[in-house]
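The report that follows considers packing, backbone geometry and the contact between chains in turn. Please keep the structure in view while reading.

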Amino acid sequence: MLELKNLSFQVPDANSSKKEIIKNINLKLKDHTFTVITGPNGGGKSTLAKLIMGMEMPTDGQILWNGQDITALNVTERAKLGISFAFQQPVRFKGIKVKDLITLAAGEKLSTSSACEFLSKVGLCARDYINRDVDGSLSGGELKRIEIATIIARNTPLSVFDEPEAGIDLWSFNNLIKVFEEMHEKRENSLIIISHQERILNIADEVVVIADGSVKAQGAREDILPELLNGTSSCKFYQ
Amino acid sequence: MDQIQMTLLEQIAGLHEVPAGAYNIRANGESVSRGTTANIDIVTKEDKQGIDIVIKPGTKKESVHIPVVLSQSGLKEMVYNDFFVGDDCDVTIIAGCGIHNGGDEASKHDGIHSFFIGKNSHVRYVEKHYGSGDGKGERIMNPETVVELGENSFMEMETVQIRGVDSTKRNTSATLAAGAKLIITERLMTHGTQTAESYFKVDMNGEGSSTNLISRSVAKEDSTQLFVSEINGNNRCAGHSECDAIIMDRAKIAAVPKITANHLDAALIHEAAIGKIAGEQITKLMTLGLTEAEAEEQIVNGFLR
C-alpha cells in the first residue's frame with residue numbers, strides 16, 4: 001500500500017517567498033487498485049507523481065510504501081523496491097536501442113523474441129522497432145508506446161503513469177486504453193494514472209481529484225465520476 | 001608474441017589467432033607475421049618503414065588485417081603504409097594500433113596510411129586505437145590517413161579510440177573523383193588529462209561526389225578534444241558533417257566546422273552539438289533501477305556504439 005502523509009512541496013518563487021505546489025496531502029492507495037488522479041492543469045498532479053517516484057523531494061511529510069518510510073530514498077532505490085514511472089514526455093537517447101531500453105527495464109537478459117512480446121503488447125510491430133534508436137526518429141506516439149512497454153517489462157507492484165494520453169494520436173490512444181484494461185484485469189499490480197481522459201477515468205477503481213495542490217475529492221469511481229462529469233457541479237472541484 | 005601483445009591484438013583487431021585473408025602483424029617495430037593471397041600482396045618498403053598493400057582489380061569479399069602493437073616502453077616509430085586498390089574491388093581493411101606502456105618513457109606510433117583507390121570499388125576501412133599499462137610513460141598515436149577515391153568508388157572509414165591513448169593527433173584528408181562517396185565515422189572517448197585532436201579535410205572535386213563525416217565523442221575528467229572539419233565542394237556534390245559530443249566533469253571540447261562551396265551546385269551542411277548528458281536521460285534509467293553511475297555508463301556506451 002502507498003500512503004502519503006501530510007505531504008507538502010514548495011518551490012521558491014520570483015519574490016523570494018515560497019510557492020506551495022502540494023499542500024499537506026494525505027492519501028492511502030490500496031494494493032491491486034487502479035487509481036486515476038485527475039484535476040485541472042497546474043493543480044499539482046504531475047508533481048505528486050514525481051514525489052511518489054522520488055524525482056522531486058517533498059519539503060514536508062512522509063511517503064510510506066508497504067509500511068516502509070521511503071521519503072528519503074532516491075529514484076533508483078524506489079525503483080528497486082518495485083515502483084515504476086512512465087514519463088509524460090518520453091526521454092530520447094542517442095545510441096540506445098529499443099531493445100536495450102526494454103532489456104534494462106526487464107532487469108535481465110532478454111531474447112529478441114521476448115523483447116518483441118512487450119512491444120507487441122503496446123501495438124508496435126516489434127520487428128520494425130526492436131533495433132531502432134530511442135531518438136527523434138520515432139514519433140511521439142511511438143515513443144509513448146515504447147515508454148509503456150518498458151513499464152510492462154518491469155512488471156512492478158506499483159506503476160505511475162504521468163498523463164499517458166498526452167501527445168498521442170487517436171489510434172494509439174485506443175490501443176493504450178486496451179493496455180490499461182489488460183493490466184487492470186490481471187489485478188496483480190497497482191496502477192496510478194494521472195489523466196484528464198474520461199475513457200481512462202471510466203476504467204478506474206478509485207478517482208482522486210487534485211486541484212490547487214490539495215485533494216478535493218477521493219473515492220470509488222462510481223461516487224466521484226458522476227459529479228466530475230456533470231458540467232456545473234464539476235466546478236465544485238475545480239474552484 | 002607474448003601475452004600482452006596478444007591482448008592488444010584482441011582489443012584492436014578482435015584477433016585470437018592468425019586472421020583469414022591477407023595480413024601483416026607488426027610488433028615492437030618489426031613485422032612478425034605476414035600472409036598474402038592470390039589477389040592481395042604485401043610488400044615491405046625498402047626506403048622507409050612500412051608496407052605496400054597491393055589489391056588486384058576485381059578482388060571481391062577479401063580482407064586485409066594490418067594491426068600494430070607496441071609493448072616496449074619508450075619505442076617511437078613512424079610507419080608508412082600504402083594501399084593500392086584496383087578497379088572493381090570490394091574489400092575490408094582492418095588496421096589499428098595498441099600500445100601497452102608499463103614504463104616511464106613515452107611510447108609513440110605515428111602512421112601514415114595512403115589509399116589509392118581505383119574506379120567502382122568499395123572499401124571498408126576500420127581503425128581501432130587502444131592503450132594500456134600503468135607506467136608513467138605516455139602512449140601517443142598520431143595517425144594520418146590520405147585517401148584518393150576514384151570514380152564511382154565508395155569508402156567507409158570507421159575509427160574508434162575508446163581507452164588509454166594519452167595524446168592523439170589525427171589527420172584525415174581525401175579527394176573525391178566523380179561519383180565517389182566517402183563516409184567517415186569517428187568514435188572517441190578521452191579521460192584523465194588526455195588530449196585528442198581530429199582534423200578532416202575533404203575535397204569533392206568530381207561531379208556527383210558526396211561525403212558524410214560523423215564524429216561522436218565523449219570527453220571525461222580533465223581531457224580536451226578538438227574537432228576540425230573542412231569540406232570543400234568544388235563541383236556538383238553533397239557534403240555533410242556532424243560533430244556530436246558529450247562533455248563531462250572538467251573536460252573541454254571545441255568543434256570548428258568549415259564548409260566551402262566553390263560551385264553553384266555544391267550542397268553542404270554542418271551540424272555541431274556539444275552538451276552534457278541530459279538529466280532526464282539519467283532519471284529515466286534510474287526509474288528502471290540503474291544507479292546514477294550505471295545510467296551514465298549506459299548512456300555513454302550507447303552514444304559511442
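In this predicted model, Val160(A) touches Ala49(A), Ile52(A), Met53(A), Ile83(A), Ser84(A), Phe85(A) and Ile192(A), when residues up to four places away in sequence are left out of the count. Val160(A) is also, together with Ile52(A) and Ala149(A), one of the residues that touch the most other members of the largest nonpolar core, which holds 87 residues. The element that gives the most to this core is helix H6 of chain A, residues 140-154, with a contribution of 7 residues. Another core, of 52 residues, lies apart from it and includes Val64(B), Val85(B), Cys89(B) and Ala95(B).

Among the residues that Val160(A) touches are Ala49(A), Ile52(A) and Met53(A), and these three are among the buried residues of helix H1 of chain A. That helix, which spans residues 45-53, is mostly covered, with 9 of its 9 residues buried; the buried residues include Lys45(A) and Lys50(A) as well as Leu48(A) and Leu51(A). H1(A) is followed by Gly54(A), whose phi is positive and near 90°.

Most residues other than glycine have a negative phi, and against that background two asparagines of chain A deserve attention. Asn6(A) has a positive phi near 45° and lies in strand E1, residues 2-12, whereas Asn66(A), with a positive phi of about 50°, lies in the loop between strand E4 (60-65) and strand E5 (68-69). How many other C-beta atoms lie within 10 Å of Asn6(A), and is it buried or exposed? There are 12 such atoms, and Asn6(A) is therefore classed as exposed. Asn66(A) has 13 C-beta neighbours inside 10 Å, so it counts as partly exposed.

The phi values discussed above are collected here.

| Residue | Phi |
|---|---|
| Asn6(A) | near 45° |
| Asn66(A) | about 50° |
| Gly54(A) | near 90° |

Turning to the contact between the chains, 20 residues of chain A are in contact with 15 residues of chain B. On the side of chain A that touches chain B, the elements giving two or more residues are helix H2 (75-80), strand E6 (83-86), helix H3 (98-106) and H6. H2(A) gives the most to that side, with 4 residues, and by class the side has 11 nonpolar, 5 polar and 4 charged residues. Helix H6 of chain A thus appears in two parts of this account, since it gives the most to the largest nonpolar core and is also listed among the elements that touch chain B.

Technical notes. Residues numbered from 1 in each chain as written. Chains lettered and ligands numbered in written order. Predicted model: local features only at pLDDT ≥ 70, side-chain atom pairs only at ≥ 80, totals over all residues. Core = buried A, V, L, I, M, F, W, Y, C linked by C-beta atoms within 7 Å. Buried ≥ 20, exposed ≤ 12 C-beta atoms within 10 Å, placed from the backbone. Contact = placed C-beta atoms within 7 Å. Nonpolar A, V, L, I, M, F, W, Y, C, P; charged D, E, K, R; others polar.
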